[in-house]
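Dear colleague,

I am passing on the structure we spoke about, together with an account of what was found in it. Please have it open while you read, since the notes below go from place to place in the chain.

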Amino acid sequence: MKAILYKEYGPPDVLHLEDIAKPAPKENEVLVRIHASSVGYGDILARKFKDVSPSEFNMPFPLWFISKFYFGLNEPKVKILGSEISGMIEAAGKDVTRFKAGDPVFGYLGQSMGGYAEYICLPENAVLAAKPANMTYEEAAVIPMGAIMALHLLWEKGNIQPGHKVLINGASGGIGSAAVQIAKSYGAEVTGVCGTARLEFVKSLGADKVIDYTKQDFTRSGETYDLIFDVLGRSSFPDTKSSLKENGRCLYASFKSRQLLQMLSTSISGSKKVICALAPGGLEDLLSAKELIEAGKIKSIIDKSFPLEQTAQAHRYVEDGHKKGHIVISVVAEEHT
Ligand SMILES: NC(=O)c1ccc[n+]([C@@H]2O[C@H](COP(=O)([O-])OP(=O)(O)OC[C@H]3O[C@@H](n4cnc5c(N)ncnc54)[C@H](OP(=O)(O)O)[C@@H]3O)[C@@H](O)[C@H]2O)c1
C-alpha cells in the first residue's frame, strides 16, 4: 500500500511516499481503507519533535518528556502521521461485532497516528464510529480530534450554559473550530479569537464576534465572559481575570505549571476559577460529535484538499500560515468515494 513516511525529524520535505506492506487485521481488528485524513497541530509537532524544546511545548515538562520518549528521541518511532481518518471497513476479524465490511467510518487515532496511508488496522474498540450520514469522507476526516476534545472540555469542565458569553482563544484551530460550533449549539454567545487570515472562517463557523489577536488584545476590550476557553494557553490569568464575570472560568486546554498552580489557588479562594484539563479523547465523545454533526450543529469548512502524495505541500501550506479552513489529505479522490 502507499503511505507517507518520515524517518527523520525536520521540515515538510521529510515526508515522502513509499510502498509498504498492507496490514492484515487480527481477530479483534478491522482493516480500514482510508479515504481521507487531515493536517493538525499534532502532525506538525510530531514531524519536527526533535527541535521542540520544553518551552515551545504547550504542556508541562513531564508531558514533554513522556512525548519525547513516545515519539523517539533522535528519530521518529511513529513513522506515519495523521491522527484523524475517514474511510470504509474493508475487512473485519472474526471476533468483531461493531463493524462489518462496507461500513463507512470516521475516527481519531491519537498519538499512535497512521492516517497518511491507504490502510490501517484498528482494534474494534478504537475511537471509530459510523461516518456521519450528512458528510463526505473529506468533511468527516477533519472533525474527530477537535470535536471530541472540545466536547469533553466544554461540557465536562467548562460548565457551559445557554446564554453564557464564551470567548474561544484559538478559534480557528482543530479544537477551537469545533468549540465555536459546540458552544453555539449549547446556546452560548460566542466570540472567537484567531489570526487575520482565518477571521472569515471563524465567522462562517457561527461565531457572533471575532477578534484578530494580531490587532487586538481581548483582555483590553472591556467585555466580560462566563467562560474563556484558551486552546493554546497563550493568555495569562492575571490579564484575563478582569475579562471574566463573577464565577467565570478560564479553561486551559494547554497549560504549564504556572496555570496548574493558579488552578490550585483559585480552587481555594476567589470566585473566578482557572481550570486545566486533559480530555480523554474517547469513543463516547466521538459518538456525541456524530450526533451533533447529523443534527447540523457541527460542519467542516474545507479550505484545501491535497492528494496523499502531496502531504509535504499540505504541511508547508499550514505551516506558512496560509490555511483558511480545514485541510484534508485525500487518499481516495472524493469523486470516487
Ligand atoms: N487538553 C487536552 O486534552 C488537549 C488535547 C489535545 C490537544 N491539546 C492541546 O491543544 C493544542 C492544539 O490545539 P489545536 O489542535 O486546536 O491547534 P491548532 O489547530 O494549531 O490551532 C491553534 C489555534 O491557536 C491560535 N493561535 C496561534 N497563536 C495564537 C496567539 N498568540 N494568541 C491566540 N491564539 C493563537 C491559532 O490561530 P491562527 O491559526 O488563526 O493564527 C489557532 O486558532 C496543543 O497545545 C495541544 O497540546 C490539549
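Histidine 326 is a convenient place to begin: with a relative accessible area of 8%, this residue is buried, and its place is in strand S15, which covers residues 326-330. Its side chain is joined to that of serine 177 by a polar contact of 3.3 Å. Please keep in mind throughout that this is a predicted model.

The ligand comes next. There are 24 residues around the ligand, and those that come nearest are Ser172, Arg198, Tyr213, Ser254 and Ala279. Serine 172 places a polar side-chain atom 2.7 Å from an oxygen atom of the ligand, whereas glycine 174 approaches through its backbone, with an N or O atom 2.9 Å from a ligand oxygen, and glycine 195 likewise has a backbone N or O atom 2.8 Å from an oxygen atom of the ligand. On its own the ligand has 950 Å² of accessible area, of which the protein covers 82%. Two or more residues of the shell are given by helix H4 (144-157) and by helix H5 (174-185). Sorted by class, the shell consists of 14 nonpolar, eight polar and two charged residues.

Turning to charged pairs, a search of the whole structure finds 19 salt bridges. One of the pairs is lysine 48 with glutamate 319, whose closest N and O atoms are 3.0 Å apart. Lysine 48 lies in the loop between helix H1 (41-47) and H2, and glutamate 319 in helix H10 (residues 311-319), so this pair ties together parts that are 271 residues apart in sequence. Lysine 48 is partly exposed, at a relative accessible area of 30%, and glutamate 319 is also partly exposed, at 32%.

Another salt bridge joins lysine 100 and aspartate 103, with 2.9 Å between the closest N and O atoms. Here lysine 100 counts as exposed at 53% relative accessibility, while aspartate 103 is buried, with a relative accessible area of 16%. Arginine 220 and aspartate 217 also meet through their side chains in a salt bridge, at 3.3 Å from N to O; arginine 220 is exposed, with a relative accessible area of 71%, and aspartate 217 counts as partly exposed at 36% relative accessibility. Beyond such pairs, Lys165, Glu189, Lys209 and Glu223 are linked in a network of salt bridges.

The loop between strand S5 (104-108) and strand S6 (119-123) holds glutamate 118, and methionine 113 is found in the loop between S5 and S6 as well. Is glutamate 118 buried or exposed? Its relative accessible area is 18%, and because the limit for a buried residue is under 20%, glutamate 118 counts as buried. A polar atom of its side chain lies 2.7 Å from the backbone nitrogen of lysine 2. Methionine 113 is buried too, with a relative accessible area of 6%, and its phi is near 50°, a positive value in a residue other than glycine.

As background to that angle, most residues other than glycine have a negative phi. Asparagine 247, which is not a glycine, has a positive phi of about 65°. This asparagine has its place in strand S12 (residues 244-252) and is exposed, with a relative accessible area of 58%.

Two further places deserve a note. Valine 39, in the loop between strand S3 (29-38) and H1, is buried, with a relative accessible area of 9%. The C-alpha atoms of valine 39 and valine 142 are separated by 8.1 Å, although the two residues are 103 residues apart along the chain.

On the surface, Phe61, Phe65, Phe69 and Leu73 form a nonpolar patch, which together has about 400 Å² of accessible area. Within that patch, phenylalanine 69 lies in helix H2 (residues 61-71) and is partly exposed, with a relative accessible area of 42%.

With best regards

How values were computed:
Residues are numbered from 1 along each chain as its sequence is written. This is a predicted model: local features need pLDDT of at least 70, side-chain atom pairs count only at pLDDT 80 or more; totals for chains, interfaces and linings use all residues. Side-chain values use heavy atoms; hydrogens and water are left out. Patches are made of residues with over 30% relative accessible area and no salt bridge: like charges are joined within 9 Å, nonpolar side chains (Val, Leu, Ile, Met, Phe, Trp, Tyr) within 5 Å. Accessible areas come from the Shrake-Rupley method with a 1.4 Å probe; for residues, only the protein chains shown count as cover. A salt bridge is a side-chain nitrogen of Lys or Arg within 4 Å of a carboxyl oxygen of Asp or Glu. Helices (H or I, at least four residues) and strands (E, at least two) are DSSP runs, numbered from the N terminus. Buried means under 20% relative accessible area, exposed over 50%, partly exposed in between (1.4 Å probe, protein chains only). A residue is near a molecule or strand if one of its heavy atoms lies within 4 Å of it. A polar contact is a pair of N or O atoms within 3.5 Å; within protein, one must be able to donate a hydrogen and the other to accept it, and residues adjacent in sequence count only if both atoms are side-chain atoms. Ala, Val, Leu, Ile, Met, Phe, Trp, Tyr, Cys and Pro count as nonpolar, Asp, Glu, Lys and Arg as charged, and the others, Gly among them, as polar.
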